[in-house]
Amino acid sequence: MSDRFAMTTGTSLVGGAERRASRSLPALFLPVLGVGAVLAPVPLWLGDSRVLMGVALLGLAFACYTIGFNVIFGSTGQLFLCVGALAGVGGYSSAILADRFGMPVMVSILLGAVGASLVGGLLSWIAVRRSLGVIFTGIVTLIFSLTFQNLLLGRGDLTGGESGFLISSRADLFLGELKPAYYVMLALVLIFLLIHAILRRSHLGWGFRALRDNEVAAELAGVDVARYRVYAALIGAAMLGLAGATYAFSRGRISPTTFGFAQVDVVVVVMLAFGGIGTLLGPILGAVVFTIIDEILIDFGQLRLVAHGALIIILFLWIQRGLIPTLGSFFRSARFHPRRKRWRR
Amino acid sequence: MTAYVLDGIVLGLQFGLLAAGLTLVYGLGGALNLAYGQMAVISAMVVTFAIDAGIPALPAVGIGLVTGAALGLFFDLTILRPVYRRQGEARVLLSLLLTLGVAFIVDGYLSWRYPFRGLTLHIGGGPVNILGVPMRRGSLVASAITIVAFASLFLFFRRTALGRAVRSVIEDEEGARLVGVDPHLMLRLILVLSGGLAALVAVTRAMVTPVTVTGGFEITVFALIVTVVGGLGSFSGALLAGILLGIINSIAASYIGTFLSLIILLVAAALTIVIRPSGLLGVRE
């Protein structure tokens, strides 16, 4: 059936636009510091508005999710449609461990991240072992998302069911205040960014790029494709779980929709596509811009969904590579051929 | 036990019909239509408006089916145009993302404009006894329609020249072109058919449970799961997978409880994909 598709390997929607990662140390830290410098003063600017700070906190959580998804999908082309579920594994298991079993909050957050990481690694291992393509990986992980949602609803005794889970063990936690929570989340974003930057210039990053561009060639060149994919999933899912757990404790209340498919996965895909799949700063740009757009449209209620849909279509029809690569190539061509460009126009 | 199996078959036929429209488009065009459920919901809404306008139920359903077919044609002419320009996995990914966008637009608009609307078609009369099991008349009518639809689809694909032409494109696009079959025309035809099937799904579903404005996503997800379990592009696989999953679901629901039954259904689907990535009746890739 798909013999006629066998000619093309890899997906042109993913990557291809990414330049070689820089090897110098300042180039590693500069983008991270830049993002920190831009996002750190936000609480001063938003002031004491609890609503807006909540929005900013959610935006940062989404930035974390998008980086995690980028490590999995952008680096190795595994379409994980269970971003929300993996974050939920982190969020719910840490909340349950802390609340129902009396574990220290920090320990439970770490355990939540480890749990999410293992689940993500397992999913990736299954997909790799059975050599499932992009679509099948997507559908298996989508099924995992639905299963997780049903488990949350079904085990209402542990999870609080549909109405959600009020985390009481965070009462005397500094995460309970919005401003400290914002900075903890920001720290997570920066750490994830740094990890991703280091990953890109490590031997893992070389393997990722090789297997994403051409799987067969990478395998022939000695890249253990299966192992690298599972590594990417382990790292990415750990990020998702950690972010989910931290967000859960900073909000104090989680419900199935906090980690729902439509509420998280779809948004994360749009953010990543907007910023640029596989780029370092794309997830941040996408998360910030999308959060601001969404906040502007807040009064429109359900019509926001229409805006999301239109945004998805526009994104994938016109600026397929995402904003960062498009801007990057624009600036590069402007810098290197200023005159020619002007004359040609 | 018979009751559960019969219940399962009724549900399974519904599942099979859900998947049929999706699997046809994938098999022929290599595109996944995630707005499939929304096509069904739009058709259902048109039927409710027609009924509200005083049109009797049967012509109203007819209008709904035509709407579905028209939606299929509209999709082929607009959103799937850029999709067909790509090949392989990029095509599937782009189709998936673009139709997801359409699904959101439809979902958002409908739930904003008509928040509490839904389509329910009441089939009068009491339960009917089949093999000593009382069955609801609505689900029997729905099953009968589904069986007729499947039978006529089978006849269409096996017996008519047009159906054979469509299958030749699924088999080998280049070869079909060489013997004078226009793949694009066949694709358009299949999308119209798929739209009509989506509308039929909405109508038969409405005889059993209300089809609500926000129900599109659920329809799509179940259609997708059944499609994948049956084998992408395999039409008889869709029917087989639908009935199997339906029976699994109703037996699990009665012995274990409703919340776990859905999980068992999902796990069964996931296991099938993992064990046989090409699906039950799919062609080995």
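Burial, contact and confidence in a two-chain model

Colleague: Which residues of H12(B) are buried?

Modeller: In this predicted model, they are Leu262(B), Leu265(B), Leu266(B), Ala269(B), Ala270(B), Thr272(B) and Ile273(B).

Colleague: What puts these buried residues on the same side of H12(B)?

Modeller: They cover an arc of only 160 degrees around the axis, and therefore they lie on the same side of H12(B). In general, an α-helix has 3.6 residues a turn, so residues three or four places apart point the same way. The cover over the buried residues of H12(B) includes H6 (134–154) of chain A, and also H10 (216–230) and H11 (235–255) of chain B.

Colleague: How do you know what span is expected of H12(B)?

Modeller: Helix H12 of chain B, residues 258–275, has 18 residues, and at 1.5 Å a residue the expected reach is 26 Å. From first C-alpha to last, H12(B) reaches 26 Å, close to that expectation.

Colleague: Why is Leu13(B) counted as buried or exposed?

Modeller: A residue is buried if 20 or more other C-beta atoms lie within 10 Å of its own. Leu13(B) has 24 C-beta neighbours inside 10 Å, so Leu13(B) counts as buried. This residue lies in helix H1 of chain B, residues 2–29. Neighbours within four places in sequence aside, Leu13(B) is in contact with Ser143(B), Thr146(B), Ile147(B), Gly242(B) and Ile243(B). Leu13(B) and Gly246(B) are 233 residues apart in sequence, yet their C-alpha atoms are 7.8 Å apart in space.

Colleague: Why does Ser131(A) count as partly exposed?

Modeller: The partly exposed class falls between 12 or fewer neighbours, which is exposed, and 20 or more, which is buried. Ser131(A) has 13 C-beta neighbours inside 10 Å, so Ser131(A) counts as partly exposed. Ser131(A) sits in the loop between H5 (105–129) and H6 of chain A.

Colleague: What makes the phi of Ser131(A) worth noting?

Modeller: Phi of Ser131(A) is near 40 degrees, a positive value in a residue other than glycine. Most residues other than glycine have a negative phi.

Colleague: Why is H2(B) described as largely enclosed?

Modeller: Of the 17 residues of H2(B), 13 are buried, so the rest of the structure largely encloses this helix. H2(B), residues 36–52, also has the highest confidence in chain B, at 93, whereas strand S2 (residues 128–130) of chain B has the lowest, at a mean of 75. Gly54(B), whose phi is positive and near 95 degrees, follows H2(B).

Colleague: Which members of the largest nonpolar core touch the most other members?

Modeller: Among its 203 residues, these are Cys64(A), Tyr65(A), Ala202(B) and Val226(B). Helix H11 of chain A, residues 225–251, gives the most to this core, with 17 residues. Beyond four places in sequence, Val226(B) touches Phe15(B), Gly16(B), Leu18(B), Ala19(B), Ala238(B), Ala241(B), Gly242(B) and Leu245(B).

Colleague: How many residues does each chain bring to the contact between chain A and chain B?

Modeller: Chain A brings 37 residues and chain B brings 42 residues. On the side of chain A that touches chain B, H6(A) gives the most, with 12 residues. By class, that side has 22 nonpolar, 12 polar and 3 charged residues.

Colleague: What scores does the model carry?

Modeller: The model scores ipTM 0.84 and pTM 0.86. Chain B averages a pLDDT of 86, with 99% of the residues at 70 or above.

Technical notes
Residues numbered from 1 in each chain as written. Chains lettered and ligands numbered in written order. Predicted model: local features only at pLDDT ≥ 70, side-chain atom pairs only at ≥ 80, totals over all residues. Helix = DSSP H or I, 4+ residues; strand = E, 2+ residues; numbered from the N terminus. Expected span 1.5 Å × (residues − 1). Arc of directions from axis to C-beta. Contact = placed C-beta atoms within 7 Å. Core = buried A, V, L, I, M, F, W, Y, C linked by C-beta atoms within 7 Å. Nonpolar A, V, L, I, M, F, W, Y, C, P; charged D, E, K, R; others polar. pLDDT = per-residue confidence, 0-100.
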